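Dear colleague,

Please find the structure below, together with its sequence. My notes on strands, pairing and charged contacts follow after it.

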Amino acid sequence: MIKLRKNTERGHADHGWLDSWHTFSFSNYLDRDQMGFRALRVINDDRVAPARGFGMHPHENMEILTYVLDGALKHEDSMGNAEIIHAGELQRMSAGTGIYHSEFNASDEEEVHLLQIWIRPDREGIKPGYEQMSIVERISTPGLHLVAAPGGGEGTLNIHQDARLYVGKLIGGEEITHKLTLDRHAWLHVVSGTISVNGSELSEADAAAIS
């Protein structure tokens, strides 16, 4: 079964410095029918103005993945991490027992465009953790590439949930086949361009829930 979620159906918040689209209920956007998809809780499509961002704020018991699409994001947290996340890089932050962090546009001239993804962990109270890596080389080659998985390793970030994050890039006419077993589910989010999924056309920021 495939259920489409068009980009125009998402929640939207324009704060001037932040233009944010919410695939699922978030902040002031509430839709009881869109509270997440299984362990997937949040996909926010954010554009942050130059030199602006999110000040120090707390999180707990959530796996937070940040994928920078354009620009650069400056990260600091209560674990002592201070990093710049560039376009094509992926960050994993396990909030666990509790952390504080800030995310600011690292540029004074250009906006930063990012996806922030929240996944509920398989257990509460884990030790907070942080990882960051580039996936530029992988998204430059055909196919689906695993970039986050339970336990990490082999070029993937570690997430504390029985879930896997793949990225893929298609050039006109190329196809990818990804088979799901009967007990598995998938959420597909289109970053850019237009694709066909089992005969259904999806454009930028469209999504599909697949079971």
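Two strands pair if DSSP finds at least two bridges between them, and the strands themselves are DSSP runs (E, at least two residues), numbered from the N terminus. Please keep in mind that this is a predicted model, in which local features need pLDDT of at least 70 and side-chain atom pairs count only at pLDDT 80 or more, while totals for chains, interfaces and linings use all residues. Residues are numbered from 1 along each chain as its sequence is written, and side-chain values use heavy atoms, with hydrogens and water left out.

With that settled, strand β16 (residues 186–189) pairs with strand β19 (residues 207–210) in the antiparallel sense, over four bridges, and within this pairing Leu-188 stands opposite Ala-208 of β19. The side chains of β16 alternate, in that Trp-187 and His-189 point to one face and are buried, whereas Ala-186 and Leu-188 point to the other face and are not. Here buried means under 20% relative accessible area, exposed means over 50%, and partly exposed lies in between (1.4 Å probe, protein chains only).

There is also an open sheet of seven strands, in the order β2-β3-β4-β11-β6-β9-β12, with antiparallel pairing. Its edge strands are β2 (11–14) and β12, each of which pairs on one side only. Strands β9 and β12 run antiparallel and are joined by six bridges, with Ser-94 having Gly-129 in β12 as its bridge partner.

Turning to charged contacts, a search of the whole structure finds nine salt bridges, a salt bridge being a side-chain nitrogen of Lys or Arg within 4 Å of a carboxyl oxygen of Asp or Glu. One of them links Glu-131 to Arg-92, with the closest N and O atoms 2.7 Å apart. Because Glu-131 lies in β12 (residues 129–134) and Arg-92 in β9 (residues 89–94), this pair ties together parts that are 39 residues apart in sequence. Glu-131 is partly exposed at 25% relative accessibility, while Arg-92 is buried, with a relative accessible area of 5%.

Another salt bridge is formed by Lys-74 and Glu-76, at 3.9 Å from N to O; Lys-74 is partly exposed at 40%, and Glu-76 is partly exposed at 32%. Arg-123 and Asp-122 also form a salt bridge, their closest N and O atoms being 2.9 Å apart, and relative accessible areas of 45% for Arg-123 and 45% for Asp-122 make these residues partly exposed. Finally, Asp-162, Arg-164 and Arg-184 are joined into one network by salt bridges that share partners.

With best regards
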